[in-house]
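Let's take a walk through this model, starting from the empty space inside it and working outwards to a helix and some aromatic rings. Have the viewer open as you read.

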Amino acid sequence: MTDGLVLPGIGGSDEAHWQSLWEAEDAGLTRFAPADWDRPELAEWTGALERALAGFSRPPLLIAHSLACLLVAHAAEKIAGRVRGAFLVAVPDPDGSAFPIEAASFRDVPARALPFPALIIASSDDPYGTPEHARRRARDWGAGLVEIGARGHINGASGLGAWREGRMLFDAFAAGARDSG
């Protein structure tokens with residue numbers, strides 16, 4: 001069991017998404033709850049993240065997918081010291097043609113090192129972010145990077161189920177974050 005805060009992207013990660021399946025298996029995982037999963041506003045999502053963190057007695061690990069990875073980067077300075085690390089899956093490119101207009105407030109992503117350990121997981125055929133983009137974000141944020149081959153957007157539509165490979169990567173990251181904290 002891990003103290004973890006699940007941060008889905010737009011739509012909130014349906015029941016076929018690995019984040020939802022991990023939550024169902026691990027009572028230590030909690031999902032943050034913004035007011036609107038489909039029309040995200042950075043300020044509101046940041047507030048929801050801060051409220052969710054207030055519910056933990058010790059700093060959790062963040063488990064972010066897609067747009068929520070950008071949320072973590074935007075909120076990093078505000079939440080420093082209140083999280084143990086961030087597992088960032090399928091970081092989208094806000095300048096890419098597929099980036100949703102509804103998420104415009106998440107553009108202008110900070111390019112500074114995150115104040116906590118971070119690991120980016122990237123797919124070679126993610127329609128929302130190229131491997132080059134993931135590599136650039138890893139450099140900018142001082143994060144590790146694991147490229148897992150062609151897995152689409154690493155979501156429910158990717159057919160990964162509970163994504164055991166991802167859970168092993170997360171568990172290894174969690175062990176390292178525990179050792180460094």
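By class, the residues lining the largest cavity split into six nonpolar, three polar and one charged. Here Ala, Val, Leu, Ile, Met, Phe, Trp, Tyr, Cys and Pro count as nonpolar, Asp, Glu, Lys and Arg as charged, and the others, Gly among them, as polar. Among the lining residues are Ile120, Ile121, Ala122, Asp126 and Ala134, and S5 gives the most, with three residues. The volume of this largest cavity is about 40 Å³, and the structure holds one cavity of 30 Å³ or more.

A word on terms: on a 1 Å grid over the protein atoms alone, a cavity is a set of points where a 1.4 Å probe fits but cannot get out, a pocket is an open set with protein on both sides within 12 Å along at least five of seven lines, and lining residues have an atom within 4 Å of a point. Grid points are joined across faces, edges and corners, and a volume is the space filled by probe spheres set on the points.

This is a predicted model, where local features need pLDDT of at least 70 and side-chain atom pairs count only at pLDDT 80 or more, while totals for chains, interfaces and linings use all residues. Residues are numbered from 1 along each chain as its sequence is written, and side-chain values use heavy atoms, with hydrogens and water left out.

Now for the largest pocket, with a volume of about 210 Å³. It has 14 lining residues, and Gly9, Ile10, Ser66, Tyr128 and His153 lie nearest its centre. Its lining has six nonpolar, eight polar and no charged residues.

Next, look at helix H4, residues 131–141 (helices, H or I, of at least four residues and strands, E, of at least two are DSSP runs, numbered from the N terminus). Pro131, His133, Ala134, Arg137, Ala138 and Trp141 are buried there (under 20% relative accessible area, with exposed over 50% and partly exposed in between, using a 1.4 Å probe and protein chains only). They sit on the same side of H4, because they cover an arc of only 155° around the axis, taken from the directions from the helix axis to the C-beta atoms. Just after H4 comes Gly142, with a positive phi near 65°.

Finally, the aromatics: there are 11 aromatic pairs, where rings of Phe, Tyr and Trp (its six-membered ring) pair if their centres lie within 6.5 Å, with planes under 30 degrees apart stacked, over 60 edge-to-face and the rest tilted. Phe32 and Trp37 pair edge-to-face, 5.6 Å centre to centre with 85° between the planes. Phe32 is buried at 1% relative accessible area, whereas Trp37 is partly exposed at 21%.
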